[in-house]
Amino acid sequence: MDRGRLRVLLGAAPGVGKTYAMLDEGRGLKASGKDVVVAVVETHGRPATAAQTRGLEILPRKIVVHRGIELTDMDTDAVIARRPDIALVDELAHTNAPGMRHDKRWEDVEDLLAAGIDVITTVNIQHIESMNDVVEEITGVAQHETIPDGILRAADQVEVVDLAPQALRDRLSAGYVYPAERVDAALSNYFRVGNLTALRELALLWVADEVDTALKKYRTEHGIAQQWEARERVVVALGGASEGEMLLRRGARIASRSVGGELMAVHVVSQDGLSTPHPGVLAAQRALIEHLGGTYHQVVGDDIPGALVEFAKAAEATQLVVGCSHRHWALGPLVGRDIGMAVIRDSGTIDVHIVNTSVTAVRLALPRLGGAMSLRRILAGFLVTLAGGPLLTWLLRVTHPEGTIAPHVLAFQVLVVVAAVIGGLWPALAAAVMSGLLLNYFFVAATGTFTIQEPSNLITLALYVLVAVLVSFVVGEASRRSRQTRRTAAESELLAAVAGSVMRGQDAVQAILERISEAFRLDGVRLRAGDTVLGTVGEVGGKPPTGTFPVGERAVLEVRGPDLTTSERRLMAVLVSQLDAALEVGDLAKTASEVEPLAASERVRTALLAALSHDLRRPIASATAAVSGLKAMGADMTQDDREELLSTATESLDALAELVNDLLDVSKLQAGALVIATTPVDVDDAIAPALDELRLDAHDVELDLGDVPPAMADPVLLQRVIVNLLLNALRYAPKHTKVRLATSAFGGNVEVRITDHGPGVPPERVGAIFVPFQREGDTDNTKGLGLGLALSKGFVEAMGGTLTPEDTPGGGLTMVVSLAAAVLAAGSPGTPDSDSDDGRTDEDTDR
């Protein structure tokens, strides 16, 4: 019997339409003549999903009684006995009821496949075992029902049922996924745009990897050795030098040009272990490749080009990035073949990028002026002289053994000029003397002797020396000016980099110190203000500084390393002035940060005075008028009038007392003097007295209190927060509408949500609603001082929580109080389904 085929519809989150797509596919297959049955489906009361089952045969479920409760699940035996062509099985990761054949539904599916029945099933990305911890990190919800990766990888076909995050949220808001009372909590918790985007990326990448695996399998089975460039894979070769960072960034840019591009870095270690790069450099580059989203690999091999190409081919790379070698071609026989050229020859169809890294290797170190010629060029000039003289003599004796000596004179003159160009004065003088002697010994009459019979020959030798001096002088002057030009360019680049560091502000001091250390090749640099060290680079301990430079009147720069030349000291003075400017910028920033709280306090004080001029005047005036009336009328006042005036005075004084208490609370919050005592608190115990205090009942507030764990809070402050938020919601809620108060648990937090359907808050004013003495429109003096939300936010944050405003679906404002849960309860209400797309908790599905 042939094994059945497994087709999996993979979704990023509940509600994307996996079940709908499964049923729609089943209807299409049935219409084409296939025998299709619905083995198990969960419509969750969604009309559109239920409508898709019409016309399909739905097999009865098996009933199991567990602890007196009837539970139903897929009847695997009945499906096998029915022997359809195709069985539709919803929720592959589902946990079966106790007493069923298997614990997990995916095990039942294995039985169906073994019986030769094709299966179409559904699953969410969070239920894949290898994704479990990643999904929990993204969403804050632990997944208790998972399926092994092997089950999904063994599927004959895996398809993604995709839906854009905002489209899913729109479906949720419209009530197509969850009941209306669960929509608000779902949108604010699991179904945040960031969560959905990350889950969608995980699903797409998982399927992309599976497609890649299937492609490799196909090529292997069909013996196709040629690489198919279905996806860009970029391999960067790291040699352990500092220019590796530039190579990595270049490789990352190449990989990012195509969708799904991969970045890999590889370092080849020689088997003898003699060529070992600095471990700190490789460690930094490994951290960089991981930050860029790539992977780091290390292979062992004596043939570096061969090892690189072999790794690239094994990884099916399409691009290989290699640094450019700057050694001379003549050194190849001594140190081995050039890596870049060898990689190009052996790479086959892999594109090779040879990147010039000389700029990175030099960094910002200033070139030394020194003498006109470097020692290396002088030695090269002597080498040309010693090798060129005998070689030129042999060549001239072979080609022009007799006749005029004019060609011989000119040939040796060229040797003198070449020696002067390469090595300067001393190699040129040596070439001149050698040329004169060789010319006299081998080509002038009375050959074989150094006798100078003709005065003209002596003049020839003198001319050789004169030409050598003149040419070497010109070459030396040109070399000196070239070095000065490079020095000037390096100084300009250094000053530009330092100026940019100063403009950036906060890290300017350390950046300038690093530039100084690099530019002057110093062992260590330290900036000190008295006994306070403001910054260091390199080794600064042990040896005394080799030089000190005052930085304005606030600090001293100490340097350790080679002595600076006069020109370098002039440049150092410029850098020190930049360092002084950076310190001044830092001082100004510090002063500004110290002044900002004072400015904020002044703004609050101004707003307070403006508010007091209106809001305190009204209750004081009312109370004064009432008491004055009582005093003026005396015994002539009726009992009803007396009671009315007393009531007015009492209400005015109560309002005045409430205003004063709020002002005191604001002062305590701003001064940090508010005493907080957080303990595990049942939020219901804070909600009930808040409702009693405001004299609210079911006609005013709709309650949806879930079974949530205790929250870490101060019970008195939590009650004040709820009172303030309810007052704010009732104040702006339209007439004949209720304010909704709901509790839920999510990701280790307890949330209290107070929802109204009022005008809401424009996005540009969201931050302003928590500023003291701010009211909607800022004109209605009957709505208090505008302290309620400011106090609530301060109280919640003092208890270690957050107060967040959100838009209410359909219009209005929802205030969300989030506090840390004292006990993290598994399967808390308010979290979306971690096992299926119906929103059930783990407790529901695990039974």
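**Close-up views of a predicted model**

**View 1. A nonpolar surface patch formed by four residues.** Phe382, Leu425, Trp426 and Val469 make up a nonpolar patch of about 360 Å² on the surface of this predicted model. Phe382 belongs to helix α16, which covers residues 375–399. Phe382 is classed as partly exposed because its relative accessibility is 31%, a value that lies between the 20% limit for buried residues and the 50% limit for exposed ones.

**View 2. The largest nonpolar core.** This core comprises 59 residues, and Leu88, Val89 and Ile125 have the most contacts inside it. Helix α9, spanning residues 193–221, contributes six residues, the largest share of the core. In soluble globular proteins, nonpolar side chains tend to be buried together.

**View 3. The surroundings of Leu88.** When neighbours within four places in sequence are left aside, the contacts of Leu88 include Met22, Leu23 and Gly26. Leu88 also contacts each residue from Val36 to Val40, namely Val36, Val37, Val38, Ala39 and Val40. Leu56 and Ile120 complete the list of its contact partners.

**View 4. A second nonpolar core.** Separate from the largest core, a second core contains 41 residues. Among them are Leu694, Ala711, Ile754 and Leu819.

**View 5. The chain as a whole, for orientation.** The chain has 847 residues, of which 42% count as buried, and it contains 27 helices and 24 strands. Of the contacts between residues at least 6 apart in sequence, 71% link residues at least 24 apart. The exposed area of the chain is about 43300 Å², with 57% supplied by carbon and sulfur atoms.

Notes: Residues are numbered from 1 along each chain as its sequence is written. This is a predicted model: local features need pLDDT of at least 70, side-chain atom pairs count only at pLDDT 80 or more; totals for chains, interfaces and linings use all residues. Side-chain values use heavy atoms; hydrogens and water are left out. A nonpolar core is a set of buried Ala, Val, Leu, Ile, Met, Phe, Trp, Tyr and Cys residues joined through side-chain atoms within 4.5 Å. Buried means under 20% relative accessible area, exposed over 50%, partly exposed in between (1.4 Å probe, protein chains only). Helices (H or I, at least four residues) and strands (E, at least two) are DSSP runs, numbered from the N terminus. Contact means heavy atoms within 4.5 Å. Patches are made of residues with over 30% relative accessible area and no salt bridge: like charges are joined within 9 Å, nonpolar side chains (Val, Leu, Ile, Met, Phe, Trp, Tyr) within 5 Å. Accessible areas come from the Shrake-Rupley method with a 1.4 Å probe; for residues, only the protein chains shown count as cover. A salt bridge is a side-chain nitrogen of Lys or Arg within 4 Å of a carboxyl oxygen of Asp or Glu.
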